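Trainee: Before I go back to the bench, could you show me how to read strand pairing, burial and salt bridges from a set of coordinates?

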Amino acid sequence: QVQLVESGGGLVQAGGSLRLSCAASGRTISRYNMGWFRQAAGKEREFVATISWNGFSTYYTDSVKGRFIISRDNAKNTVYLQMNVLKPEDTAVYYCAARMTSLSYSGTYSLDDKYDYWGQGTQVTVSS
């Protein structure tokens, strides 16, 4: 079992930055591909970004490309999401998720049902 705990959310003005952290426990995440998803009020959960187990591959949804950066520190068992130039439409609960590395990762990284473990989420609110 992998337990994930997100932190770093909060209220920020448009154009500002936040850095989310996802601390894992229970197992090392060094063999897990990690992802960030978000869910805005009244909307379905959507993919934001993912990073492969070794950090060599990262993928982003189009709306955050160039603004968000996902990274990981396997020694600290932690994944990060640096969010810059935040917009009101980025307002959502952000979730960290983990999935075992697999050959299908590159084609399914945005599918939330492929992730095995989830955190409880952290609220990000961007004011205009």
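**Strands and salt bridges**

Mentor: Let us begin with pairing: strand 3 (residues 18-25) and strand 8 run antiparallel and are joined by six bridges, and, since this is a predicted model, please read each statement as one about the prediction. Within that pairing, Leu 18 has Met 83 of strand 8 as the residue opposite.

Trainee: Which strand besides that one pairs with strand 8, and in which sense?

Mentor: Strand 7 (residues 68-73) does so, in the antiparallel sense and over six bridges, with Asp 73 finding its bridge partner in Thr 78 of strand 8. Strand 7 and strand 8 also make up a hairpin in which four residues lie between the two strands, and Asn 77, in the turn, has a positive phi of about 55°.

Trainee: Is strand 8 largely enclosed or largely open?

Mentor: The general idea to hold in mind is that side chains in a regular strand alternate between the two faces of the sheet. In this case five of the six residues of strand 8 (residues 78-83) are buried, so the rest of the structure largely encloses the strand.

Trainee: How many salt bridges are found in the whole structure?

Mentor: As a general matter, side chains of opposite charge can pair when their charged atoms come close. Here a search of the whole structure finds five salt bridges, among them one between Arg 38 and Glu 46, whose closest N and O atoms are 2.6 Å apart. Arg 38 is buried, with a relative accessible area of 4%, whereas Glu 46 is partly exposed at 35%.

Trainee: What are the accessible areas of Lys 65 and Asp 62?

Mentor: These two side chains meet in a salt bridge at 3.0 Å, N to O; Lys 65 is partly exposed, with a relative accessible area of 48%, and Asp 62 counts as exposed because its value of 62% is over the 50% cut-off.

Trainee: Where do Asp 90 and Arg 67 lie?

Mentor: The side chains of Asp 90 and Arg 67 meet in a salt bridge of 2.8 Å, N to O. Asp 90 is in the loop between strand 8 and strand 9 (92-100), and Arg 67 is in the loop between strand 6 (58-60) and strand 7, so the pair ties together parts that are 23 residues apart in sequence. Both Asp 90 and Arg 67 are buried, and salt bridges with shared partners join Arg 38, Glu 46, Arg 67 and Asp 90 into one network.

How values were computed
Residues numbered from 1 in each chain as written. Predicted model: local features only at pLDDT ≥ 70, side-chain atom pairs only at ≥ 80, totals over all residues. Heavy atoms only, no water. Buried < 20%, exposed > 50% of the residue type's maximum accessible area, 1.4 Å probe, protein only. Pairing = 2+ DSSP bridges. Salt bridge = Lys/Arg side-chain N within 4 Å of Asp/Glu carboxyl O.
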